[in-house]
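Colleague: Before I accept the terms used for a structure, I should like to see each one justified. May we go through them in order?
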Amino acid sequence: MAKFKEKENAREVNVSTKVKQDKATSKVNNGVFVYTGAISVRELASALNVQVSDIIKKFFLQGKMITINTILDDEMIGEMCLEFGYDFQKKVIVEAENFEELVIDDDPSKLKERPPVVTIMGHVDHGKTTLIDAIRNSNLVAGEFGGISQEIGAYQKEINGKKITFIDTPGHEAFTAMRSRGASVTDIVVLVVAADDGVMPQTIEAIDHAKAADVPIIVAINKMDKPGADPERVKQELLQHDVIAEDYGGDVITVNISAKQKQNIDGLLEAILVVAELKELKSNPDRYAMGTVLEASLDKQEGPKATLLVQNGSLKVGDYLVVGTTFGRVRRMTNEHNKVLDIATPSTSVAVLGISEVPLAGDRFMAFKDESEARMIATKRKQIKEAKIRSKANNLTLEDLYNRINEGNMTTINIIVKADSTGSAEAVKASLEKLSSSDVRINIIRAAAGGITESDIILAAASNSIIYGFNVRPDARIRAKAEEEKVEIRLHRIIYALIEEIQAAMKGLLEPVFVEKITGQADIRRLFKVSKLGTIAGCMVIDGVIKNHSLVRVLRDGLIVYEGKLASLQREKDQVKEVKKGFECGMVIENFNDEKEGDIIEAYEMVQEEI
Ligand code: GDP
């Protein structure tokens, strides 16, 4: 710790907007046309010292109609350079806001060994979860048992004095997206294959992911305790997928284990260390951190919370961050044992508080020395992302979906998903995407954890998307904004009902349904505990009207905390039938006493409505 303190100011920055970028404009240098990106016909003509009309003519002869202002892509630029006798070279300039593209060239003397990051993959029921548990509980340090938070998405294990970072992969089919991303933060994949079942479809899928990410595989042949266990058969089946075990002349290590009986788990961990050593995994801990979001959610008390995997550099409390398109400052960091950390070194995953919005799992993050720089980069990234989404947006609403399909056109339906956790957002996203058919493409332009915000409405209006809220509720202000922008918000609590609704819309079979109508909302200003009644919430009605005994829900930061019925509504000391906007009242909710000041009580009715 003290060692790092001394080096407080010694960390290298990753990227800086203050360093003048080599903004080479497009020009010819020794017969080579050097350019940095798409340029117009006018610019190309002037750089190559030819007439604009000559370029237009060349394209015309190829059947391409262009004008002086047409922006040329790389292929067209290359073609024209060759036509006019120039070589060409594209110079890639990485702008600070595009930090995903950044390739860091660390001074080799500063590189230190880092733990491997391992993902466990395999077919359903082959024992991934059991293996994850067995590893968690192996070589337990005293007091560690049961202390590993399931939420953090990763944990570290130590064997022979070396650490290994494991990523918890969710097994459910709807999480395919997360799993494929798992391979991209991963150094090594442990492929679990049940010895009694052999290679199955998801085994092959996992092999494909690992190969696509160029990540080495270690095969854990599991369930060796079972009578039908046949490891040789597994190895032979793997041959067909170019996974060649060592005893078949290849370089893939296989380890026979029983996750359930906790047999040979150490053997597997040692094999991981062998592969890690071969890969010479290194990074420079003395630079500002870069890495990836593993999981993110909105914590009702603490605000946006993200689990970050530090992949290079070190993250410290107080660091300024850009996470995806969001600005932040590390307020608090904890590891998988809920231990508060001041510093997170390479290959460590930490839960971080202090980010202004909930990022998306898979987003990249970078730490900055300078606050204003980080803020500026976050804003710029947000603008770029929204501009990109807008440019590929396609107009549609749920109502006219069927008509559009009937016209025989391939139709795209844009959807924004907001849910109570990243996990459910991803699950909803994956389930919706599966509904895509030859007639309709479901395009999820945002799927994130958190309440529906004004920025969602703006994005939906710009891209003509429908917003699906899953276990979240917009407040009165957001509803008003949605109405003003003519954005459709649909709210669901069960994935299956949401899927059915879209399927019905696709078939033109939207039934009249009971929908809820919000009658009013009230703000909780003070709480009174009364022993007989429970909690009386002293409220101000801020919108519409609240009726006694109506259906209500309690909202905290846009998330539903409780749903139930109003047991009592009073003004002063009297029970009343209803209370209108602008008046104070006291409310008691049936079977609920955990209101907090600042919560919103929303009253609603169910009414029949044609969609
Ligand atoms: P996942 O779907 O890949 O996560 O698989 P699980 O870890 O949930 O395991 C599926 C089933 O296989 C469970 O009933 C486990 O108890 C069982 N199982 C897992 N590992 C072993 C093993 O080594 N031996 C035996 N006999 N059963 C196992």
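**The ligand and its surroundings**

Modeller: In this predicted model, the shell around the ligand consists of 2 nonpolar, 7 polar and 6 charged residues.

Colleague: What makes a residue one of those that surround the ligand?

Modeller: A heavy atom of the residue must lie within 4 Å of the ligand. In this model 15 residues surround the ligand, and the closest are Asp125, Lys128, Thr129, Thr130 and Asp225. Helix 5, residues 128-136, gives the most to this shell, with 3 residues.

Colleague: Why is the pair formed by Asn222 and the ligand called a polar contact?

Modeller: A polar side-chain atom of Asn222 lies 3.0 Å from an oxygen atom of the ligand. The limit for a pair of N or O atoms is 3.5 Å, so the pair qualifies. By the same limit, Gly127 qualifies through a polar backbone atom, 3.0 Å from a ligand oxygen. Ala259 likewise has a backbone N or O atom 3.0 Å from an oxygen atom of the ligand. The protein buries 76% of the 580 Å² that the ligand exposes when taken alone.

Colleague: What makes a set of residues a nonpolar core?

Modeller: The residues must be buried and of the listed nonpolar kinds, joined through side-chain atoms within 4.5 Å. The largest such core has 34 residues, and Leu308, Leu315 and Phe365 are among those with the most contacts inside it. A second, separate core has 28 residues, including Val118 and Ile265.

Colleague: How many residues of the protein chain count as buried?

Modeller: Of its 611 residues, 49% do, which means that their relative accessible area is under 20%.

Definitions and conventions:
Residues are numbered from 1 along each chain as its sequence is written. This is a predicted model: local features need pLDDT of at least 70, side-chain atom pairs count only at pLDDT 80 or more; totals for chains, interfaces and linings use all residues. Side-chain values use heavy atoms; hydrogens and water are left out. A polar contact is a pair of N or O atoms within 3.5 Å; within protein, one must be able to donate a hydrogen and the other to accept it, and residues adjacent in sequence count only if both atoms are side-chain atoms. Accessible areas come from the Shrake-Rupley method with a 1.4 Å probe; for residues, only the protein chains shown count as cover. Helices (H or I, at least four residues) and strands (E, at least two) are DSSP runs, numbered from the N terminus. Ala, Val, Leu, Ile, Met, Phe, Trp, Tyr, Cys and Pro count as nonpolar, Asp, Glu, Lys and Arg as charged, and the others, Gly among them, as polar. Buried means under 20% relative accessible area, exposed over 50%, partly exposed in between (1.4 Å probe, protein chains only).
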